[in-house]
Amino acid sequence: MVEELVGVVAAVGAGALVYLAAAARVVKQYERGVVFRLGRLHGDVRRPGFNLVVPAVDRMRKVNLQIVTMPIPAQEGITRDNVTVRVDAVVYFKVVDPAAAIVNVEDYRFAVSQMAQTSLRSIIGKSELDDLLSNREKLNQGLELMIDSPAVEWGVTIDRVEIKDVSLPDTMKRSMARQAEADRERRARLINADAEYQASKKLAQAAHQMADTPSALQLRLLQTVMAVAAEKNSTLVLPIPVELLRFLERGQQPAAQTPGHAEAAEQAELAEGAVDRREQAEEAMEQLRRAVEQ
């Protein structure tokens, strides 16, 4: 009798172990379990840890809740300004409703991938080339909204979308390089012209200053001669002021014979002034010669 009781207990224990092994399910921390009983959604989503289901009646499908990084294949399209480009991107998304991700869509990963490719083509057609190259942040936000709208019904939320690269034709690259080079040359010319304008204003101010004080022009000439002579050159080019030549020319001209004592006196004064200017010019030339010899 005891032996039969022990045998029954052992059989029941073995059956319980077999049932427990068949009914036990372990859900990881980053997963959620969706249970179908006879093909129908049963109960709430199973939490992480140890869970039991009815063998041969219940079926559990596990859904990963981690953020999925999905690259979007490069899509070729024509921009709004008629430029052919190839654009690739990457989508970051995760499942927020495991039951909807299993029931509402056959394969949510494939659905998100196709929706991302379609949205990327649409963004290319609506944008200009300059926006694709420089205003990517706005395009990323628009692309995220286009993908996220239908993904809500699939129990998926789009975390972010990033455009990775924009490939341009070789002809367009050369055209953009020429445009950038022309723009840099234009700015260089503007800067050079502005420098010339400022230099001309300063030179005009210097000319007015020297016109008020003629001795400043002679001092500047002496400084220039000293600077050239300090280089130890074999040939020295000495500029002669035009005023000096005029002084010499006036000094050599004979006094014109004009009637009248007043006119003769005036001519005499002019002759004396010419002699004085000639002497001043000769003194200036002597100073220049001494400066050159030094």
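Here is a short talk between a visitor and a guide about a predicted model.

Visitor: How confident is the predictor in the protein chain?

Guide: The chain has an average pLDDT of 81, and 76% of the residues score at least 70. Residues 255-259 are a stretch with pLDDT below 50, and beyond near neighbours in sequence that stretch has four contacts in the model. Where pLDDT is low, the predicted coordinates should not be read in detail.

Visitor: Let us turn to the helices. What makes α3 oblique to α5?

Guide: Helix α3 (residues 108-126) packs against helix α5 (residues 136-151) at about 140°, and their axes are 9 Å apart. Angles over 145 degrees would count as roughly antiparallel, and 65 to 115 as roughly perpendicular. The angle of about 140° falls in neither range, so α3 is oblique to α5. As for handedness, the crossing of these two helices is right-handed.

Visitor: How do you know that α3 and α5 meet, and which residues take part?

Guide: Contact means heavy atoms within 4.5 Å. On the α3 side, the residues are Met115, Ala116, Ser119, Leu120, Ser122 and Ile123. Their partners in α5 are Leu139, Gly142, Leu143, Met146, Ile147 and Pro150. Sorted by class, this contact has nine nonpolar, three polar and no charged residues. Gly counts as polar here, so Gly142 of α5 belongs with the polar ones.

Visitor: Why are β6 and β8 said to stand at the edges?

Guide: They belong to an open sheet of three strands in the order β6-β7-β8, with antiparallel pairing. Strands β6 (68-78) and β8 (156-167) each have a single partner strand, so one side of each has no neighbour in the sheet. From one strand to the next, the twist averages 25°.

Visitor: What makes β7 and β8 a pair?

Guide: Two strands pair if there are at least two bridges between them. Strand β7 (residues 84-95) and β8 have ten bridges, in the antiparallel sense, so they pass that cut-off. Val90 is opposite Glu162 in β8.

Visitor: Where do the two helices lie on this sheet?

Guide: Helix α3 lies across β6, β7 and β8, at about 35° to β6. Helix α5 lies across β7 and β8, at about 140° to β8.

Visitor: How do you know that β2 and β3 pair?

Guide: The cut-off is at least two bridges. Strand β2 (residues 31-37) and β3 have two bridges in the antiparallel sense, so they qualify. Arg37 stands opposite Arg40 in β3. These strands are part of an open sheet in the order β3-β2-β5, with β3 (40-41) and β5 (58-64) as its edge strands.

Key: Residues are numbered from 1 along each chain as its sequence is written. This is a predicted model: local features need pLDDT of at least 70, side-chain atom pairs count only at pLDDT 80 or more; totals for chains, interfaces and linings use all residues. Side-chain values use heavy atoms; hydrogens and water are left out. Axes are lines fitted to C-alpha atoms, for helices over the stretch in contact, and angles run from 0 to 180 degrees between N-to-C directions. Helices (H or I, at least four residues) and strands (E, at least two) are DSSP runs, numbered from the N terminus. Angles under 35 degrees count as roughly parallel, over 145 as roughly antiparallel, 65 to 115 as roughly perpendicular and the rest as oblique. A crossing is left-handed if the near helix is turned anticlockwise from the far one by less than a right angle, and right-handed if clockwise. pLDDT is the predictor's confidence in each residue, from 0 to 100.
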